[in-house]
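Here's a friendly walk through a protein you may not have met before. Take a look at it first, and then we'll go through how its pieces sit together.

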Amino acid sequence: MPPPPVAVYRSDDFLARTAFYLRFPVAALTEELENRTPSEQRTLIGETLYPLVELLQPLFAPKITGMLLELPRPQIFRCIESPEVLKEKVNEAIDVLVDWYPQQMQLNEQEAREFRAAMLLSKL
């Protein structure tokens, strides 16, 4: 079983939040998206979102990022803008993965219980 991920920043830490916002400004992303094809836009948004998700849930960052890319664009931008919103959406994705992953990996009962326990502990 993989160890649960560690939160890299705290949402109540002003400096961490400030660095988060400065690193991923939505205004700059919105400008970048202009005159791009829908496929390029999705890629650009995914490339912006992925490192943020990876900070919170490194093991399942690719899957969770894909799940978040299915959200309406305003919700995705809120995730990029706000660590609190991102944490909430990542935790929602973890809830889905808790049921999905054991079935996909065909884990036995004991392995599935251990996985669920580890994932629920990793929620932020």
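## Where α3 meets α4

Let's start with one helix contact. On the α3 side, R42, G46, L49, Y50, V53 and E54 do the touching, and their partners in α4 are A61, P62, I64, T65, G66 and L68. Sort those residues by class and you get 7 nonpolar, 3 polar and 2 charged. Keep in mind as you look around that this is a predicted model.

How are the two helices arranged? Packed helices in general are described by the angle between their axes and the distance between those axes. For α3 and α4, the angle is about 130° and the axes are 9 Å apart. That makes the pair oblique, since the angle isn't over 145, where roughly antiparallel begins. The crossing of α3 with α4 is right-handed.

## The overall picture

Now zoom out. How many helices and strands does the protein have? The count is 7 helices and 0 strands, so following the chain from one end to the other simply gives you α-α-α-α-α-α-α.

The protein has 124 residues, and 36% of them are buried. What about contacts that reach across the sequence? Take the contacts between residues at least 6 apart in sequence: 66% of them join residues at least 24 apart.

## α2 and its two partners

Helix α2 covers residues 26–33, and helix α3 covers residues 38–56. Their axes come within 10 Å and cross at roughly 160°. This pair is therefore roughly antiparallel, and α2 goes past α3 in a right-handed crossing. The residues that meet are L29, E32 and L33 from α2, with Q41, L44, I45 and T48 from α3. By class, that contact has 4 nonpolar, 2 polar and 1 charged residues.

α2 also packs against helix α5, which runs over residues 73–81. Here the axes again come within 10 Å, and they cross at roughly 140°. That angle makes α2 oblique to α5. From α2, the contact uses V26, L29, T30 and L33, while α5 brings R73, F77, I80 and E81. This group divides into 5 nonpolar, 1 polar and 2 charged residues. Look out for L29 and L33: these residues of α2 turn up in the contact with α3 and also in the contact with α5.

## The nonpolar core

In soluble globular proteins, nonpolar side chains tend to be buried together. Which residues touch the most other members of the largest nonpolar core here? They are L49, V53, I64, I80 and L86, out of 26 residues in that core. Several helices chip in: α2, α3, α4 (61–68), α5, α6 (83–104) and α7 (109–122) each supply at least two of the core's residues.

Some of those names should ring a bell. L49 and V53 were on the α3 side of the contact with α4, and I64 was on the α4 side. I80 came up where α5 meets α2. L86 sits in helix α6 and is buried, with a relative accessible area of 0%. Its C-alpha atom is 7.6 Å from that of V53, although the two residues are 33 residues apart along the chain.

## A buried glutamine

Is Q41 buried or exposed? Q41, which lies in helix α3, has a relative accessibility of 15%, and it counts as buried because the cut-off is under 20%. Leaving out residues up to four places away in sequence, Q41 touches L33, R36 and R73. You've already seen L33 in α2 and R73 in α5, where those helices make contact.

## Two loop residues to spot

Finally, have a look at two of the loops. N35 lies in the loop between α2 and α3, and Q106 lies in the loop between α6 and α7. What is the phi of N35? It is positive, about 60°, although N35 is not a glycine. Q106 isn't a glycine either, and has a positive phi of about 50°.

Both residues are out in the open: N35 is exposed, with a relative accessible area of 82%, and Q106 is exposed too, at 70%.

Technical notes: Residues numbered from 1 in each chain as written. Predicted model: local features only at pLDDT ≥ 70, side-chain atom pairs only at ≥ 80, totals over all residues. Heavy atoms only, no water. Axes fitted to C-alpha atoms, helices over the stretch in contact; angles between N-to-C directions. Helix = DSSP H or I, 4+ residues; strand = E, 2+ residues; numbered from the N terminus. Parallel < 35°, antiparallel > 145°, perpendicular 65-115°, else oblique. Left-handed = near helix turned anticlockwise from the far one by under 90°. Contact = heavy atoms within 4.5 Å. Nonpolar A, V, L, I, M, F, W, Y, C, P; charged D, E, K, R; others polar. Core = buried A, V, L, I, M, F, W, Y, C linked by side-chain atoms within 4.5 Å. Buried < 20%, exposed > 50% of the residue type's maximum accessible area, 1.4 Å probe, protein only.
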